[in-house]
Amino acid sequence: MKERILVTGGTGYIGSHTVVELQEAGYEVIIVDNLANSSVDVIDNIEKITNVRPIFVELDCLDYNGLNNLFIDYPRIKAIIHFAASKAVGESVQKPLHYYRNNLVSLINILELMPKHGVGGIVFSSSCTVYGQPDKLPVTEKAPIKTAESPYGNTKQISEEIIRDAIISEMPINAILLRYFNPIGAHPSALLGELPNGVPQNLVPYLTQTAIGIREVLNVFGDDYHTPDGSCIRDFINVVDLAKAHVIAIQRLLEKQQKQKIEAFNIGTGHGLSVLELINVFERVTGIKLNYKIVGRRAGDIEQVWADPTFANEELGWKAVETIEDTLRSAWNWQLFLKEKGLQ
Ligand code: NAD
Ligand code: WQD
């Protein structure tokens, strides 16, 4: 019998790619999502790619009783990947209480229900945002956690602490915290990708929307940083590579006999790329001349951050393999797919 994995937020950007990889690795997937930031059509596209339709339950993770019933309706769930969260940094400054409630109460509900229903493992979506501007680059998992720059970032730090404290209290679970760097790109089929709500806040969706003519110009926030070309540097990680890290994390949780263990892994490429370098690669691989202009710095931006992924490479046996060229090509193909479908 296939092992059953619950994926919260599974119709979202990273969740949907992860469901594909889980199904291709032979797991049975149950998706829980309230569709606050995704579309149910994603289920059809996951089925088109994998020939398997995941079970989908429209449910809010804030609904404790609803979640409890889900575990009764679908017994023998072995582990959970918890993606469901609100993730817009700027919005979190405007609506902090929404962010604290949605991101923290959902997690607490899940943690409370895990031992009740015999679920032994959780993979949690954390973020490089917990490191702020690291003192040393590349940043390792041992780097100090810096004061959060936003309520969103704070929810990731507090979530990590909640999971750690639950395990210290001898809850019979294991946890893996995956600290993602900057996920970009789309599925090579162009059937899945990021669907930003309104004006994109992140670089690559804004860039592809500019290239296709939805936005007039891409603003590059600052060229006076202490970096070789003056623009910020990030570790851009392909979303399919990222999705695969979750499958490995799940395998690790299921194989582990030892209980009450928590581990954190950086999920990045190990290479920093500047904003201007990324624009250059995009122009080169698509042949499109991008309309961009340099403007002032964006408040709250980190100057430069990239991962030391050695722990994930050696301990998980996971490594980012996709090139930045293929990744940006996939983001562009996804934008073309959205246009063709009249979705954007
Ligand atoms: P996303 O918004 O595309 O996916 C999140 C999904 O969760 C959405 O489908 C949304 O409808 C759902 N959701 C939100 N609140 C819910 C609730 N209360 N109950 C049920 N479903 C709910 O975001 P994503 O980019 O796929 O991010 C997934 C996770 O990874 C999030 O926890 C995010 O904070 C984290 N993360 C994302 C990035 C990034 O840059 N995309 C970086 C680091 C960490
Ligand atoms: C990348 C670079 C911008 C838009 C955010 C969250 C972080 C994590 C990932 C969840 C920066 C520049 C951007 C634009 C630009 N998410 N930029 N013009 O800020 O590194 O990280 O997403 O956990 O927590 O903070 O990502 O894509 O917004 O920006 O010049 O229109 O692109 O200044 O240097 P960021 P981003």
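Student: Why are H7 and H9 called oblique to each other?

Tutor: In this predicted model, local features need pLDDT of at least 70, side-chain atom pairs count only at pLDDT 80 or more, and totals for chains, interfaces and linings use all residues. Residues are numbered from 1 along each chain as its sequence is written, chains are lettered from A and ligands numbered from 1 in the order in which they are written, and side-chain values use heavy atoms, with hydrogens and water left out. Helix H7 (residues 203-211) and helix H9 (residues 275-286) pack at an angle of about 40°, with their axes 12 Å apart. Angles under 35 degrees count as roughly parallel, over 145 as roughly antiparallel, 65 to 115 as roughly perpendicular and the rest as oblique. H7 and H9 are therefore oblique.

Student: How are the axes and the helices themselves defined?

Tutor: Axes are lines fitted to C-alpha atoms, for helices over the stretch in contact, and angles run from 0 to 180 degrees between N-to-C directions. Helices (H or I, at least four residues) and strands (E, at least two) are DSSP runs, numbered from the N terminus.

Student: What makes H7 oblique to H11?

Tutor: H7 and helix H11 (residues 324-340) pack at an angle of about 55°, and their axes are 10 Å apart. That angle makes H7 oblique to H11.

Student: Which hand do the crossings of H7 with H9 and of H7 with H11 have?

Tutor: The crossing of H7 and H9 is right-handed, and the crossing of H7 and H11 is right-handed. The term applies if the near helix is turned clockwise from the far one by less than a right angle; anticlockwise would be left-handed.

Student: What makes a residue part of the surroundings of ligand 1?

Tutor: A residue is near a molecule if one of its heavy atoms lies within 4 Å of it. On that basis 27 residues surround ligand 1, the closest being Asp 33, Asn 37, Ser 38, Asn 102 and Tyr 152. By class, this shell holds twelve nonpolar, eleven polar and four charged residues. Here Ala, Val, Leu, Ile, Met, Phe, Trp, Tyr, Cys and Pro count as nonpolar, Asp, Glu, Lys and Arg as charged, and the others, Gly among them, as polar. Strand S5 (121-127) is one of the elements that each supply at least two residues, and S5 gives the largest share, three residues.

Student: How do you know that Asp 60 makes a polar contact with ligand 1?

Tutor: A polar contact is a pair of N or O atoms within 3.5 Å; within protein, one must be able to donate a hydrogen and the other to accept it, and residues adjacent in sequence count only if both atoms are side-chain atoms. A polar side-chain atom of Asp 60 lies 2.9 Å from a nitrogen atom of ligand 1, which satisfies the distance limit. Likewise, a polar backbone atom of Cys 61 is 2.8 Å from a nitrogen atom of ligand 1, and a polar side-chain atom of Lys 156 is 2.9 Å from an oxygen atom of the ligand. Of the 820 Å² that ligand 1 exposes when taken alone, the protein buries 94%; accessible areas come from the Shrake-Rupley method with a 1.4 Å probe, and for residues only the protein chains shown count as cover.

Student: Which atoms of ligand 2 pair with Asn 219, Arg 298 and Asp 301?

Tutor: A nitrogen atom of ligand 2 is 2.7 Å from a polar backbone atom of Asn 219. Oxygen atoms of ligand 2 pair with side-chain N or O atoms of Arg 298 at 2.9 Å and of Asp 301 at 2.5 Å. The protein covers 87% of the 690 Å² of accessible area that ligand 2 has on its own.
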